[in-house]
Amino acid sequence: MNFEIVKGMFVLEKSQLVLDQLFKTLFPALIEQYGIKEAKGYYETDKIVYDSYDMPYHIHILQGLFPSVQVFEKVIISFKEESNKDYEIWLKVFCLGFFLHDANKLIEGSLLHAFNEIADNQDNLHEKLKIPDFFPGVEDYWGDVQNVALNAENRTSVASAMREMNLPKGITEIFEKLSRFADKVASMGGAIQYNKQEDGTLIESKRYADGYNNVRGMFLHIKSLLESFDMDLELNYVSLNENPFKMLSKQALFGVLLALQESKRQVIGLTYNGIIFFGKPFDTHLEKRSIEIANDSEEVDVANLTKVDFQTINFDFLSKKPLSEDIWNEALMENERLSNKFLSMASNGASSFSSEYGFQSLLTLIEKLKLSSYIDSRFDEKNQKVYLMFTNVDSEEGKLFRSLMCLKKTLFINEKKVKAWKDNFSTFSKSDEPFYDGWEWKVESEISPILSTPNEVTEYFKSYVKSPSNLIKTLYAIIWAEGVINGLIGDDPEEVVEEYLENIMTQLNPNEDDLGGNESSNDISEIISTYLDYPNSKNKLWEKDLFIPEAEERCVVTNAFATEKYEEVKAFGLKARGYSRRAPSYLTTSPKTKISDIAISENQIRKKYFPNGNQKEAHIAVYRDFCEWGFGLPLQNNLLEMIAVAKGDIGIEDNKIKVDSGAILDQKHHEYELMDVGKDVESQFYFISKNIRIASRLGIRCFVTSIMTPYRPHKAIFHYENAPRFAKQLGWDKVRLFEIDQVVNEISIIWELSKVGKNLNSGYILSYAGDRNHLFRLYGDYVKRVEAKEKENKAKTLIGGVKKKIKTFIESKPQYFSNMISMSKLAEIAVSIKQENKNTSQQSKIIRIALDVMKTAVKDNQPEQEYIVTMVAGALQKTFQADKYIPSDQLRNASRAFSELLYDMYTNEWGGSFPAKTKEKMLINQFAFIYSEKVAEYFEKKNVEKKSNN
């Protein structure tokens, strides 16, 4: 897979070549071997706590590598060395050195120790990281590689002088500066260091400047770092101030990016709201050009605004830009992924057919079509589904076939929109005339073994599929296109394409008057002229005339001047009905709400990009990034695909990344998504769980907030503003990278324990959030449900799996659970009394007996400790004395010890009163869980002793 970078980042061909090799070797090897490994974030020792922005190792490397390679190019060009045959070796030395500058975070020990392990190929590390694949002959430059790595930080730079180096001295000196520059750019995020006091309190001891609060701050920081190179490296920036128009701003910023590229400025980095670049400053000419490009940018995005599946073909870009011949041929047909979607079929799986023979008939027909057309197929054995795709469409005839098929399918699918199209499909599908001369399909049928007409094929599929309409629309479009391209239907194929395309444009394109009301040119101009910021810019938001209209003329979204009535059809994320104005200058019982033109335009774009779900309830905004510290990487979407491929167990299908069946990320929305999330516990649990699992597996940082809140830097890999109470109680609203795997494990446990049938029990989740000790009660209830529902062997497997997860979780977070030390001691003593482990009732029997007797004894004679302890011990001894395997002295002593410890818990941990009924049940289940583990350990030890004696 080729790695895509923003156009024009590098000026030397060899730079791109070396980076391509890095992304085919080192990068996937790093992900495969170490996963989402933390490089920066939160960590603590016995003495300090260090708190900075979460960042995985691979992102830390890339964020420093891109700008430093750009700077190295400029240095080489200034030396007139760009054609030097050794440039590729120099760049590989630098890339590998910086790639390994934090290798001690991959391998335990110091950086030098890590280099020794890699150099000696211990544990096959050299091969695992694919270093020889990236850099054949690296052993000749190993000292130079170490020099780059050691110079990245002050604390290790002194050791670099001891390395044996082969590169020219001038290049070595440049690399020493470049390595430090790369690490500082990759580490610009602010951090706070705290010293731990003896009482556990934290006192701030050091604070590092946060370079990511705004684009200008980043620009100034990088500019100061560039001064060490003693070169005239002209660095500039452009940004958009915060505003409520995310979609319009994205379109405007995209126009700015294209205008910069067009003017040969070299982009060094992107953020959510700005761009840093090499070259002359941004100016009013580029501002005007940005507006022009932004207004044409819909043409670039028409593929993303075209929705195609087995039952839908919608051109959602039409309200902004009419369909044209150029758009059809270049933006739609040349997009392989999109054009193949026109071949989507419903009823393409065996499960949709009433018999196996019916599905096999479909496969036979597809094979027939493949022989004489430009169609290929893929069969999914696991799911028993067939998928179609275009093939051999590079020729003019192939392109015509593809257009013919897609045009015909568009008419068929949209038959309800245009009466003539509906008549066309109805007439075609019921026709008793052959598709064209010579076309026939042989099937095993008593009625008609040879099918040649649309009506015959329609009736044939009706006998196997309940609703074959969408299936036959695809098949008929293929057969028809085949007939046209072979000169058997209609006139010249080019003329047919022209005729059909003209028909579609005439029927679907809006009238000029309608389009004029929806154009975003004024909106984009307003965004750029109001919010764009760059050196010497006149667009200062705070210098604008801040006029606030009267309440009845005020936009409900922005408080700007508005004349349009706010209706449901214009709403997104804020319902038009039921809105209550709360401006202090306006009090009324029935306000006439209005909205501004720019807010309408923003909502229109939102509707196109987020067509699914309840749009009027889509008030949740999800911002995602690659865990950059605000200095966004100039990367394209396929970084996600590269991570998925490297991990091997993450699926990629139809431009979606499938982490698991419940956590699927649409790459089209990986940066920003608006959605409706139910306010109930179950919906919120699913939403939080999905995004935390995506963050864990892909290393994508997630910021969840309201639709009107702009993005802002945050340290945690998952941060949910205004999260539901249960999430805050559990700490799931802010999850750090170092703990995310543990949180994923905890969520999976609660997910499993809270499932009752197909649904989650919200009460279980809320109980657990209130007190994590409820985990043992949930586990006890889970065991009962599984034992009642499943067969014995399957029940043991399910319970054992969940129990193993719970044990791992408790061991990783013992501080979450109270009474664990006392309960563990009680359980150890209880094993000396009786070893029963068949079910929860047996596992909790000892403590239930002890508590019942203790309650009675306390009621009889509360002050007398000896009386209470004796009564409980006696009851235990009497209950279990019939067990011939336990010596009487052992039983007596263990019963006494159990009673004394339980009384100690009663007085010291429970405050001299018995827990409430719910709390008591938790304690009993907690004991049962720990006791079952102790019994299992006891029998395992016995087996080992038995084997050793034999």
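Two exercises and a short third one follow, each with a worked solution, on a predicted model.

**Exercise 1.** Determine in what order the four strands of the open sheet are arranged, and which helices pack on the sheet.

*Solution.* The strands of the open sheet follow the order 6-7-5-14, with antiparallel pairing. Strand 6 (266-270) and strand 14 (532-533) lie at the edges with a single partner strand each, so that one side of each has no neighbour in the sheet. Turning to the interior, strand 5 (residues 235-240) and strand 7 (residues 274-278) run antiparallel and are joined by five bridges, and Ser239 has Gly274 in strand 7 as its bridge partner. Helix 11 (residues 215-226) packs on the sheet, where it touches strand 5 and strand 7, and its direction makes about 170 degrees with that of strand 5. Helix 12 (residues 246-262) also packs on the sheet, touching strand 5, strand 6, strand 7 and strand 14, and its direction makes about 5 degrees with that of strand 7.

**Exercise 2.** Work out how the buried residues of helix 35 are distributed around its axis, and what covers them.

*Solution.* Helix 35 (residues 865-880) has 16 residues and spans 23 Å from its first C-alpha to its last, close to the expected 22 Å. Its buried residues are Ile868, Val869, Val872, Ala873, Ala875, Leu876 and Phe880. Viewed down the axis of helix 35, these buried residues fall within an arc of 155 degrees, and therefore line one face of the helix. Their cover includes helix 32 (820-833), helix 34 (845-861) and helix 36 (888-909).

**Exercise 3.** Decide whether Lys789 is buried or exposed.

*Solution.* Lys789 belongs to helix 30 (residues 774-789). Because its relative accessibility is 65%, Lys789 counts as exposed, the cut-off being over 50%.

Key:
Residues numbered from 1 in each chain as written. Predicted model: local features only at pLDDT ≥ 70, side-chain atom pairs only at ≥ 80, totals over all residues. Heavy atoms only, no water. Helix = DSSP H or I, 4+ residues; strand = E, 2+ residues; numbered from the N terminus. Expected span 1.5 Å × (residues − 1). Buried < 20%, exposed > 50% of the residue type's maximum accessible area, 1.4 Å probe, protein only. Arc of directions from axis to C-beta. Contact = heavy atoms within 4.5 Å. Pairing = 2+ DSSP bridges. Axes fitted to C-alpha atoms, helices over the stretch in contact; angles between N-to-C directions.
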